[in-house]
Amino acid sequence: MTESTSAAPLSRHPVVTGIVGFCAGLVIAYGIGLWQRSNALSTQAEANAAVVAAKDAEIAASAERLVEAQQAATAAESRNALSKTRLAIFQALNDLDQRNFGVAGDRLRDAAAQLDAVDAASLGLDPALLSTLKAEIAGTQVLVATDFEQQRLQLLELAARIDAQTAAAGAAAP
């Protein structure tokens, strides 16, 4: 064989030309497939990122609503505790009128204990004023006496001060 026959173009060898053409076609088809897959994956990733962002926004909004609901619940519980304090003072007044001095004293201690459940910040009230009021209620002595008008006036004054705090808390309510 001569060199001219061994270096002959591929067109003279149809089998080799077919195999090379087939392999080139496979490589091109594989490349196109990878490119289409890459585009589809990036499109899907963008769609997933949008869904995740929307869900994150929903979670953030839900977290804000939860905080607002917790604040509203705290304020409602505090208003309830103020109302219970007020009720306990009026019950102490009633017990005083019925000459149940020991029970009236217990009611006053219950009223002072109810003020522990009040979150002054959630109601927009002055915490120092509430602690002073609590100390006064806890320090009020109900003594056995024939003339208990002074004690009654003291309890009415405490009830009026609690009423003022309840009204202020109610005005601050949304």
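Is glutamate 157 buried, exposed or partly exposed? I looked this up before anything else, bearing in mind that I am working from a predicted model. Glutamate 157 comes out partly exposed, because its relative accessible area is 37%.

**Entry: around glutamate 157**

I went on to the partner of glutamate 157, which is arginine 161; the two form a salt bridge with the closest N and O atoms 3.6 Å apart. Both residues sit in helix H6, four residues apart, or about one turn of the helix. I jotted down the general rule here: an α-helix has 3.6 residues a turn, so residues three or four places apart point the same way. Arginine 161 has 24% relative accessibility, so I put it down as partly exposed. I also found that the pair belongs to a network of salt bridges that links Glu136, Glu157 and Arg161.

**Entry: other salt bridges**

How many salt bridges does the count come to? I noted eight. I followed up two more pairs.

Aspartate 97 and arginine 152 meet through their side chains, at 2.9 Å from N to O. This salt bridge ties together distant parts of the chain, with aspartate 97 in helix H2 and arginine 152 in helix H6, 55 residues apart. I checked the exposure of each partner. Aspartate 97 is partly exposed, as its relative accessible area is 35%. Arginine 152 also counts as partly exposed, at 24% relative accessibility.

Next I took lysine 134 and aspartate 116, whose salt bridge has its closest N and O atoms 2.4 Å apart. Here too the pair links distant parts of the chain: lysine 134 is in helix H5, aspartate 116 is in the loop between H3 and H4, and 18 residues separate them. Lysine 134 is partly exposed, with a relative accessible area of 26%. Aspartate 116 stands at 53% relative accessibility and so counts as exposed, the cut-off being over 50%.

**Entry: helix H3**

I then turned to helix H3, residues 101–114. Its 14 residues reach 20 Å from the first C-alpha to the last, close to the 20 Å expected at 1.5 Å a residue. Which residues of H3 are buried? I listed Phe101, Ala104, Gly105, Leu108, Ala111 and Ala112. Looking down the axis of H3, I see these buried residues fall within an arc of 115°, so they line one face of the helix.

Glutamine 114 is in H3 as well. I have it as partly exposed, because its relative accessible area is 26%. For a sense of distance I paired glutamine 114 with alanine 53: they are 61 residues apart in sequence and 45 Å apart in space, C-alpha to C-alpha.

**Entry: the loop before H3**

Arginine 99 caught my eye in the loop between H2 and H3. Its phi is positive, about 65°, although it is not a glycine. Most residues other than glycine have a negative phi. I looked up the accessibility of arginine 99 too, and at 46% it counts as partly exposed.

**Entry: the core**

Which residues touch the most other members of the largest nonpolar core? I wrote down Leu82, Ile89 and Ile137, out of 28 residues in that core. The elements giving two or more residues to this core are H2, H3, helix H4 (120–123), helix H5 (127–139) and helix H6 (149–172). H2 supplies the largest share, eight residues.

**Entry: along helix H2**

I stayed with H2 and looked at asparagine 80, which is placed in that helix. At 40% relative accessibility, asparagine 80 counts as partly exposed. I compared its position with aspartate 163: the two are 83 residues apart in sequence and 13 Å apart in space, C-alpha to C-alpha.

Last, I checked isoleucine 28, also in helix H2, which spans residues 14–97. Buried or exposed? Isoleucine 28 is exposed, because its relative accessibility is 55% and the cut-off is over 50%. I found that Ile28, Ile32 and Trp35 make a nonpolar surface patch of about 340 Å².

Technical notes:
Residues numbered from 1 in each chain as written. Predicted model: local features only at pLDDT ≥ 70, side-chain atom pairs only at ≥ 80, totals over all residues. Heavy atoms only, no water. Expected span 1.5 Å × (residues − 1). Buried < 20%, exposed > 50% of the residue type's maximum accessible area, 1.4 Å probe, protein only. Arc of directions from axis to C-beta. Patch = residues over 30% accessible without salt bridge, like charges linked within 9 Å, V, L, I, M, F, W, Y side chains within 5 Å. Areas by Shrake-Rupley, 256 points an atom, 1.4 Å probe, with all protein chains shown as cover. Salt bridge = Lys/Arg side-chain N within 4 Å of Asp/Glu carboxyl O. Core = buried A, V, L, I, M, F, W, Y, C linked by side-chain atoms within 4.5 Å.
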